[in-house]
Each structure stands twice: as C-alpha cells, then as structure tokens.
Amino acid sequence: MTKIERSKPTPEIPSCVKKVELEGRQIYLVATAHVSKQSVQDVRDTVDAVNPDSICVELCDSRYRNIMDHEQWKRTNIFKIIREKKAMLLLSSLIMSSFQRRIAQQLGVTPGAEMVEGIRLAEKRQAALVLADRDIQITLRRTWGNLGFWSKLNMMGHLMMSLFFVGKIDAETVEEIKQEEQLADVLGMMAKEFPTVKGTLIDERDVYLSQKIRSAEGKTVVAILGAGHVPGILKEIQKDTQLGPLEQQPKPSFWPQLLKWGIPAAIVGLLVYGFFKGGAQHSMESVAIWVLVNGTFSALGALLALAHPLTILTAFVAAPLTSLNPMIAAGWVSGLVQAVLKKPTVEDLENLSEEITTVKGFWTNPVSRILLVVVLSNLGSTLGTIIGGSWIVGRSLG
C-alpha cells in the first residue's frame, strides 16, 4: 500500500498583518510588540504564508549590530563617547533598553525577539534583509535638538523615573496594546508624554520606514514593525519621499547658540560692572557666589551619581570655569576623571546589559555610572549657572 505524504498546510496570515498593494507588489506589514512571544509566531506564520523576496525589520545598523553581536559592549570606548559628546545619547539608549528588558523579563522573552526571528528567516530563505529604521543616534539628536532646556530636563526626569517604576504586565496586556495599535515601544511612550517631539520620534520614522519598505526589492515584502508605526506607514507608503533631509543631523538654532556664548559674556560683564559700581569687595563677593553656587550644584550632580570623591571635587572646581567656556562642559571633565579613577573592565561591559535592569545595577555598574556622572554634573552646572547668574544680576543691577 503506497503511503501518501501530506504536505503541511500553509499558515494563515495573522490578523495583526496589514496588506498593501503597491505598483503590482504585495507588502505585508506585521504589527508587533517588541516584548511579545506571540509577535515572534506572527512573524514566522507570515513569512511561511507569503514566502517574501525581502524582509524588512525596524532596526538601524547600530541596533542590528547590538542584537547580533553580543561582544560589541566589550569594545565600548567610554573615553571616546565622552569626548564625542555622546554620553547623554548613550545614557538615554541604556535607560530605554532597561525599561524594555524589565518588561521582557516579566514575560520570559528576549527584547526584540521578533526582529531576530525576521533576521533568521531572511537568512534561512535567502530573502533580502532590509534594515529599515533611521539610525537611533540621528533620531535622538534630532529629538534633543527640538527641546529647550526645561523640556530636556523634564524628559530626562521621565526617563530616570522609568528606572524606578515598572508596573506588572502580562502577555494579554501586551497583545491588547498591539491590537489597539497603541504606541508599543519606549520611543512611542516618550512621544505620548512630549507631543512636541512626536514629529522626530514617530512621524519622521514612519516616513523613513515607509520609504525603506517601499524600495525593498522583489514582488513580495514582509515588514516587521512596532504596532504604533503601522497606521503612519499605511498613510506614507504610497508617497515617494526623499529621505535625505530626515538623515541630516540637526543644525544648532540661532537662539541656543546666542545663549551659549551670551550668558558667559554677560556674567563676565556683570562681574566687571560690579567692580566699578561697588568696588573690589562687591566684585569678589559676586565671584564667590558664582564659584560656590555653580560648583556646589555640579558637585551635587556628581554626588547623586555616586561618583568617586575626587570626581565630585573635580566637578566643583571645573563647573565655575567651564560654565564660562561654551566649548567645555563640567560633566565632560568630571566624567573623564571618573573614567580614569574607575576605569570599566571587560567584565563590567559584559554585565552592563543585565545590570541596567535594576536601579542598583544601573547606579553601580562603572560604565553607566560614568554616563550618569557626565549628565548629572552637567545638569547641576546648568542649574548653578541659572541660579548663580540670577543672583549676580540682582546684586549688580539692584
């Protein structure tokens, strides 16, 4: 008797998938949550059902390397990061990664597992892999560039608070969020809290992703995306938009540059004016106010980061001087000192991704602590400049 082999039934396309017809091509947008086991299965079922020529993932090159190269953290050059003024951007990325990892731990899934599955399937099926997202550094730089000082302070406060509070979440809640097409990633949450930056965090990326997906090769394309991006991509993918402007680093606006140079010049001018108006003692008292207020606030920032005592002293000494020099920041000086005194080891770099999932680990890992020293020392110095400068203005003009 001949045995009849039955082929496996072709999986149905999941309900979370949106199909787009574009110039004779079929594009399937898989709406996912980045911490969902079900999303991994949705990706698998979609690819099995349509056998795409290209698979697009919501990753840029640097995030792709972070996912695929687990040794990358070992090669982190913390001194280079400080010198290139990337400490704030890296700290923001780490905080967002921490938030996502803690949710993923509750659900027993690897963050971004659906993206990894897409990458694996592209290799297995010899489909073209498209890294469709804009570079995270450009996104963050454009976002910070659109914020004033107090908005930056507010956003940083929200990010820092996310280290302390992560409510309980289950798989059902994640699936509800995904099905309702709410913003299901940390950048999306930031955009909801700060509508003024939604343009760079969400809208610009919707345009960028849509054009990368649109230009993917082949008749059939699968795109794996956070659910919050799907509505915007559906609106943008029919358009032929140039991506050049969205890839540019933001140019400094006129007013921040004016304040950057104008405030130090005004402080020096007021000190000189105070000397002629009130004499040497009046001028020396203003200098003392500037040094003590600026230095104390910057040192408090370093102290809050649990910096080495010599780093705290460095922040106190450096802040009154660097605040008068727009080319140098107190946090860069104190951060470099902290990096020399507590130079991260390879083990520290290896443990970073795991340790940032707890508040204690975030504050005690030498790598993240250095970044905290840079950011909090700079923040303290800025507050010291505002408070000390206002005090001097009142004394000189009152």
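# Notebook: a first walk through the model

**Entry 1, helix α13.** I started with α13, where I found Thr-311, Ile-312, Thr-314, Ala-315, Ala-318, Ala-319, Pro-320 and Thr-322 to be buried. I kept in mind that this is a predicted model. I then checked the length of α13: its 14 residues reach 20 Å from the first C-alpha to the last, close to the 20 Å expected at 1.5 Å a residue. A general reminder I wrote in the margin: an α-helix has 3.6 residues a turn, so residues three or four places apart point the same way.

**Entry 2, the loop before α13.** I stepped back to Leu-306, which sits in the loop between α12 and α13. Its phi is positive, about 60 degrees, although Leu-306 is not a glycine. I looked up its surface as well: Leu-306 counts as partly exposed because its relative accessibility is 45%, and partly exposed covers the range between 20% and 50%.

**Entry 3, the whole chain.** Next I wanted the overall picture. How many helices and strands does the protein chain have? I noted 17 helices and five strands. The chain has 398 residues, and buried ones make up 47% of them. I also looked at contacts with a separation of 6 or more: residues 24 or more positions apart account for 81% of these.

**Entry 4, the cores.** Which residues touch the most other members of the largest nonpolar core? I listed Ile-27, Leu-29, Ile-55, Cys-56, Ile-213 and Leu-225, out of 35 residues in that core. The elements that give two or more residues to this core are the strands β1, β2, β3 and β5 and the helices α1, α5, α10 and α11. Apart from this core lies another, of 29 residues, and among them I noted Leu-94, Val-373, Val-374 and Leu-376. My margin note here is that in soluble globular proteins, nonpolar side chains tend to be buried together.

**Entry 5, Cys-56.** I picked Cys-56 from the core list for a second look. Leaving out residues up to four places away in sequence, Cys-56 touches Val-130, Ala-132, Ile-213 and Ala-216. On the same terms, Cys-56 also touches Val-221, Val-222, Ala-223 and Ile-224.

**Entry 6, helix α1.** I moved to α1, residues 37-50, which has 14 residues and reaches 21 Å from its first C-alpha to its last, close to the 20 Å expected. Its buried residues include Val-40, Val-43, Val-47 and Val-50, and also Ser-39, Asp-42, Asp-45 and Thr-46. Just after α1 I found Asn-51, with a positive phi near 50 degrees.

**Entry 7, Thr-220.** Val-50 turned up again when I looked at Thr-220, which lies in strand β5. The contacts of Thr-220 beyond four places in sequence are Gln-26, Tyr-28, Val-50, Pro-52, Asp-53 and Ser-54. Buried or exposed? Thr-220 counts as buried, because its relative accessibility is 14% and the cut-off is under 20%.

**Entry 8, Gln-126.** For contrast I went to the loop between α5 and β4, where Gln-126 lies. Gln-126 is exposed, with a relative accessible area of 75%. Its phi is near 55 degrees, a positive value in a residue other than glycine.

**Entry 9, two packed helices.** I looked at how α6 (residues 136-145) and α10 (residues 198-214) pack: the angle is about 130 degrees and the axes are 9 Å apart. That makes α6 oblique to α10. From α6 the residues that meet α10 are Thr-139, Arg-142 and Thr-143, and their partners in α10 are Thr-200, Leu-201, Glu-204 and Arg-205. Sorted by type, the residues of this contact come to one nonpolar, three polar and three charged.

**Entry 10, Ser-286.** I returned to α12, residues 254-304, to find Ser-286. Ser-286 counts as buried, at 1% relative accessibility. Beyond its neighbours within four places in sequence, I saw Ser-286 in contact with Leu-271, Ile-392 and Arg-395.

**Entry 11, Gly-361.** My last stop was Gly-361, in helix α16, residues 359-364. Gly-361 is buried, with a relative accessible area of 7%. Beyond four places in sequence, Gly-361 touches Glu-355 and Ser-368. I also looked up its distance to Asn-351: the two are 10 residues apart in sequence and 9.3 Å apart in space, C-alpha to C-alpha.

Conventions:
Residues numbered from 1 in each chain as written. Predicted model: local features only at pLDDT ≥ 70, side-chain atom pairs only at ≥ 80, totals over all residues. Heavy atoms only, no water. Axes fitted to C-alpha atoms, helices over the stretch in contact; angles between N-to-C directions. Helix = DSSP H or I, 4+ residues; strand = E, 2+ residues; numbered from the N terminus. Parallel < 35°, antiparallel > 145°, perpendicular 65-115°, else oblique. Contact = heavy atoms within 4.5 Å. Nonpolar A, V, L, I, M, F, W, Y, C, P; charged D, E, K, R; others polar. Buried < 20%, exposed > 50% of the residue type's maximum accessible area, 1.4 Å probe, protein only. Expected span 1.5 Å × (residues − 1). Core = buried A, V, L, I, M, F, W, Y, C linked by side-chain atoms within 4.5 Å.
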